[in-house]
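Visitor: Before we talk about single residues, could you take me through this protein and show how each label is earned?
Guide: Gladly; here is the model to look at together.

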Amino acid sequence: MQLKLSQLVSSAEPLSRLSRLGLKPRIALRVKRVLRAVQPELDDYNKVRVELLEKHGYKATDGKQYLFEKPENEAAFMAELNDATSEEVTLEIKTLTLDELGDVEISGGDLLALDWLILEDEPPA
């Protein structure tokens, strides 16, 4: 399966929430496999993001966030980060269907973020 890195980044939290739901064991294992496939891509993204933050900004005194001296620095950071997240990634994973998720409750926002992983059920023939 191919998708944009930006899709993976925006679905990291929803995927984590999905893994904590009371899924059937077979489906829970599949979700864990997806997490293992996605994590290296997210790790690489975070390394690049921090490098870009250090290139264009500086760490605040609290050490938790980065600040930019000028709006142009922030714009340059965003432009380079957007370019990086437009990269296509290939994942060897199996998709899920809503039927396979069973009766678990998942928010509409999470379903939207995970639309590359969770497919609607096939209509009856």
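Visitor: What is the accessible surface of the protein, and how much of it belongs to carbon and sulfur atoms?
Guide: In this predicted model, the accessible surface comes to about 8,200 Å², and 51% of that belongs to carbon and sulfur atoms.

Visitor: How do you know which radius of gyration a compact globule of 125 residues would have, and what does the protein have?
Guide: The globule rule takes 2.2 Å times the number of residues to the power 0.38, which for 125 residues gives a value near 14 Å, but the protein has 18 Å. The box filled by its C-alpha atoms, taken along the principal axes, is roughly 60 × 30 × 25 Å.

Visitor: What elements make up the protein, and in which order do they run?
Guide: There are 6 helices and 6 strands, and from the N terminus on they run β-α-α-α-β-β-α-β-β-α-α-β. Among contacts between residues at least 6 apart in sequence, 66% join residues at least 24 apart.

Visitor: Why does Glu100 count as buried or exposed?
Guide: Buried means under 20% relative accessible area, and Glu100 has a relative accessibility of 19%, so Glu100 counts as buried. Of the 125 residues of the protein, 30% carry that label.

Visitor: What surrounds Glu100, and where is this residue found?
Guide: Glu100 is found in helix α5, which spans residues 98–101. Leaving aside residues up to four places away in sequence, Glu100 touches Lys24, Arg26, Ile27, Arg30 and Thr95.

Visitor: What makes the pair formed by the side chain of Glu100 and the backbone nitrogen of Thr97 a polar contact?
Guide: A polar contact needs a pair of N or O atoms within 3.5 Å, one able to donate a hydrogen and the other to accept it; the side chain of Glu100 reaches the backbone nitrogen of Thr97 at 2.9 Å, so the distance falls within that limit.

Visitor: Why is Gln7 called partly exposed?
Guide: The label covers residues between the buried limit of 20% and the exposed limit of 50%, and Gln7, at 28% relative accessibility, therefore counts as partly exposed. Gln7 lies in helix α1, residues 5–10.

Visitor: How far is Gln7 from Ala113 in sequence and in space, and which residues does Gln7 touch?
Guide: Gln7 and Ala113 are 106 residues apart in sequence and 7.4 Å apart in space, C-alpha to C-alpha. Not counting residues up to four places away in sequence, Gln7 touches Asp115 and Trp116.

Conventions. Residues are numbered from 1 along each chain as its sequence is written. This is a predicted model: local features need pLDDT of at least 70, side-chain atom pairs count only at pLDDT 80 or more; totals for chains, interfaces and linings use all residues. Side-chain values use heavy atoms; hydrogens and water are left out. Helices (H or I, at least four residues) and strands (E, at least two) are DSSP runs, numbered from the N terminus. Buried means under 20% relative accessible area, exposed over 50%, partly exposed in between (1.4 Å probe, protein chains only). Contact means heavy atoms within 4.5 Å. Accessible areas come from the Shrake-Rupley method with a 1.4 Å probe; for residues, only the protein chains shown count as cover.
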